[in-house]
Amino acid sequence: IGDGYNAASIADGTYLANINEQVENFFGIPPYSTYRNYFNVYTRIALSQEEGVGTVNTMKKNRFGTTFSNVKGMDGDISAIFDYASQVPTINEKNFEQIFVVVVLNTTMCVSLSHLYGNGPAQSFCPMSSAPYPNDTRGILQHEACGHGFGKLGDELITVNQFIELCECGSPNHLKGLQDFHAYGFF
């Protein structure tokens with residue numbers, strides 16, 4: 001599903017071209033390329049009043065309220081996205097936990113995010129980034145959608161040079177967070 005695409009960008013083919021590019025990016029690396037025939041991919045057209053994604057200083061009237069923020073980096077109406085995606089005729093209560101939504105953002109900014117839920121569904125926000133690889137459109141999609149959203153993998157990067165906290169002493173307990181994800185079979 002795309003967000004931030006107005007009637008003009010849908011009519012001129014930009015919306016579907018971006019969606020198709022992201023589908024090819026998803027299946028562009030193993031093991032996804034090997035198992036492509038086992039996936040069902042659906043596209044829904046989501047019309048926004050305005051083109052683009054909002055920022056801290058500007059609001060855009062897009063379909064799912066996606067915006068870049070200082071708090072999470074990016075946000076959107078997660079419930080509305082799942083509701084819209086679940087209107088695909090093959091989605092029902094029995095298989096909803098298998099739903100995975102990639103939200104293709106009509107912006108060249110390089111900010112992305114994935115939401116993972118314990119019962120299985122997930123969604124990844126992936127912009128049409130103009131940054132160089134690995135922060136370009138393909139790199140972000142493969143990191144967020146392939147790695148986090150579908151693969152349920154955690155980041156492997158260093159943000160702080162310290163050990164995982166083993167106590168509950170008021171500071172962020174990274175071990176507890178990791179154990180919570182492990183309980184769901186993630187990371």
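This is a short talk on the fold, the core and a few backbone details of one chain.

The model is predicted, and every value I give is computed from it.

I'll start with the overall layout. The chain has 5 helices and 4 strands. Read from the N terminus, the elements run β-α-α-α-β-β-β-α-α. The radius of gyration is 17 Å, and the globule rule gives 16 Å for 187 residues, so the chain is as compact as a globular protein of that length. Along the principal axes, the C-alpha atoms fill a box of roughly 55 × 40 × 30 Å.

Some totals next. Of the 187 residues in the chain, 39% are buried. If we take the contacts between residues at least 6 apart in sequence, 51% of them join residues at least 24 apart. The accessible surface is about 10900 Å², and carbon and sulfur atoms account for 54% of that. On charge, there are 10 positive and 18 negative charges, and the mean positions of the two sets are 5 Å apart.

Now the core. The largest nonpolar core has 33 residues, and the members that touch the most other members are I1, F26, F64, V101, F125 and L141. Which elements give two or more residues to this core? They are α2, residues 14-26; α3, 78-85; β2, 100-105; β4, 122-127; and α4, 137-150. The biggest share comes from α3, with 6 residues.

That makes α3 worth a slide of its own. Why do I call α3 largely enclosed by the rest of the structure? Because 6 of its 8 residues are buried. Those buried residues are I78, A80, I81, F82, Y84 and A85. As for what covers them, the buried residues of α3 pack against β2, β3, which is 113-116, and β4.

A view from the other side of that packing is V101, one of the core members with the most partners in the core. Beyond its neighbours within four places in sequence, V101 is in contact with I81, F82 and A85, and also with I1, A122, Q123 and S124. Of those partners, I81, F82 and A85 are on the list of buried α3 residues.

Moving to the loops, I'll take the one between α2 and α3 before the others. R63 sits in that loop. Its relative accessible area is 36%, so R63 counts as partly exposed. Setting aside residues within four places in sequence, R63 contacts D3, A46, L47, S48 and Y84. Y84 is one of the buried residues of α3. For a sense of distance, R63 and C110 are 47 residues apart along the chain, and their C-alpha atoms are separated by 20 Å.

P31 is in the loop between α2 and α3 as well. The bond between P30 and P31 is a cis peptide, with omega at about 5 degrees. There is also a cis peptide bond between Y133 and P134, where omega is about 15 degrees. P134 belongs to the loop between β4 and α4. As background, most peptide bonds are trans, and most residues other than glycine have a negative phi.

That brings me to phi. K152 is not a glycine, yet its phi is positive, at about 55 degrees. K152 lies in the loop between α4 and α5. Is K152 buried or exposed? Its relative accessible area is 14%, so K152 is buried. F187 is the other case I want to show: its phi is about 60 degrees, again positive in a residue that is not a glycine. F187 is in the segment after α5. At a relative accessible area of 38%, F187 is partly exposed.

L153 connects to that residue. L153 is in the loop between α4 and α5, where α5 is 174-183. Which residues does L153 touch, not counting those up to four places away in sequence? They are G147, H148 and F187. With 48% relative accessibility, L153 is partly exposed. L153 and N40 are 113 residues apart in sequence, and 21 Å separates them in space, C-alpha to C-alpha.

To recap: α3 gives the most to the largest nonpolar core, and its buried residues pack against β2, β3 and β4. For the backbone, the places to look at are the cis bonds at P30 and P31 and at Y133 and P134, plus the positive phi values of K152 and F187.

Technical notes. Residues are numbered from 1 along each chain as its sequence is written. This is a predicted model: local features need pLDDT of at least 70, side-chain atom pairs count only at pLDDT 80 or more; totals for chains, interfaces and linings use all residues. Side-chain values use heavy atoms; hydrogens and water are left out. A nonpolar core is a set of buried Ala, Val, Leu, Ile, Met, Phe, Trp, Tyr and Cys residues joined through side-chain atoms within 4.5 Å. Buried means under 20% relative accessible area, exposed over 50%, partly exposed in between (1.4 Å probe, protein chains only). Contact means heavy atoms within 4.5 Å. The radius of gyration is taken over C-alpha atoms; the globule rule is 2.2 Å times the number of residues to the power 0.38. Accessible areas come from the Shrake-Rupley method with a 1.4 Å probe; for residues, only the protein chains shown count as cover. Lys and Arg count as positive and Asp and Glu as negative; His and the chain ends are not counted. The place of a charge is taken as NZ of Lys, CZ of Arg, CG of Asp or CD of Glu.
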